[in-house]
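Q: Could you take me through one part of this model at close range? I'd like to hear what sits where and what touches what.

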Amino acid sequence: ITQFELRQSHRKINQYYRALQDTEKMLSTLINASPDFICFKDGDGHWLTANQSGLELFHLNPSN
């Protein structure tokens, strides 16, 4: 692998990362705009996140 190829790969990875960040922002905005309770848990059942409607429903703040 040449240095040129490494730079090209690095640029592509950065582009994919920015696209992923944009998608994450869009999904977060959509989920938080929903009046329905939406939450995510991991495979072990630990809470990862909940939308604002869910937090208000259960009288929680994000740090709980």
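A: Here is a walk through the aromatic cluster, followed by a stop at a pair of serines.

Keep in mind throughout that this is a predicted model. The part to look at is F37, W47 and F58, which form one aromatic cluster. How many aromatic pairs does the count come to? It comes to two.

Take F37 and W47 to begin with: their rings make a tilted pair, with 6.3 Å from centre to centre and 35° between the planes. The angle is neither under 30 degrees, for stacked, nor over 60, for edge-to-face, so the pair counts as tilted. As for where the partners come from, F37 belongs to the loop between helix 1 and strand 1, while W47 is in strand 2 (residues 47-50), so this pair ties together parts that are ten residues apart in sequence.

Now swing over to the other pair, F37 with F58. Here the ring centres are 5.3 Å apart and the planes sit at 70°, so this one is edge-to-face. F58 is in the segment after helix 2 and F37 is in the loop between helix 1 and strand 1, so the pair ties together parts 21 residues apart in sequence.

Are these rings buried or exposed? F37 is partly exposed, at 34% relative accessible area, and F58 is also partly exposed, at 46%. W47 has 51% relative accessibility; the cut-off for exposed is over 50%, so W47 counts as exposed. The three rings also turn up in a nonpolar surface patch of about 530 Å², made by F37, W47, L57, F58 and L60.

Next, the serines. S53 is part of helix 2, which covers residues 52-57. Its relative accessible area is 19%, and buried means under 20%, so S53 is buried. Leaving out residues up to four places away in sequence, S53 touches S34, P35 and D36. One of these residues gets a polar contact too: the S53 side chain reaches the backbone oxygen of P35 at 3.4 Å. For a sense of distance, S53 and Y17 are 36 residues apart in sequence and 29 Å apart in space, going C-alpha to C-alpha.

What about S34, on the other side of that contact? S34 lies in the loop between helix 1 (3-33) and strand 1 (39-41). With 15% relative accessibility, S34 counts as buried. Its side chain reaches the backbone nitrogen of D36 at 3.0 Å. Again setting aside residues up to four places away in sequence, S34 touches N51 and S53.

To put it together, the loop between helix 1 and strand 1 holds S34 and also F37. From that loop, S34 touches S53, a residue of helix 2, and F37 pairs with F58, in the segment after helix 2.

Notes:
Residues are numbered from 1 along each chain as its sequence is written. This is a predicted model: local features need pLDDT of at least 70, side-chain atom pairs count only at pLDDT 80 or more; totals for chains, interfaces and linings use all residues. Side-chain values use heavy atoms; hydrogens and water are left out. Helices (H or I, at least four residues) and strands (E, at least two) are DSSP runs, numbered from the N terminus. Buried means under 20% relative accessible area, exposed over 50%, partly exposed in between (1.4 Å probe, protein chains only). Contact means heavy atoms within 4.5 Å. A polar contact is a pair of N or O atoms within 3.5 Å; within protein, one must be able to donate a hydrogen and the other to accept it, and residues adjacent in sequence count only if both atoms are side-chain atoms. Patches are made of residues with over 30% relative accessible area and no salt bridge: like charges are joined within 9 Å, nonpolar side chains (Val, Leu, Ile, Met, Phe, Trp, Tyr) within 5 Å. Accessible areas come from the Shrake-Rupley method with a 1.4 Å probe; for residues, only the protein chains shown count as cover. A salt bridge is a side-chain nitrogen of Lys or Arg within 4 Å of a carboxyl oxygen of Asp or Glu. Rings of Phe, Tyr and Trp (its six-membered ring) pair if their centres lie within 6.5 Å; planes under 30 degrees apart count as stacked, over 60 as edge-to-face and the rest as tilted.
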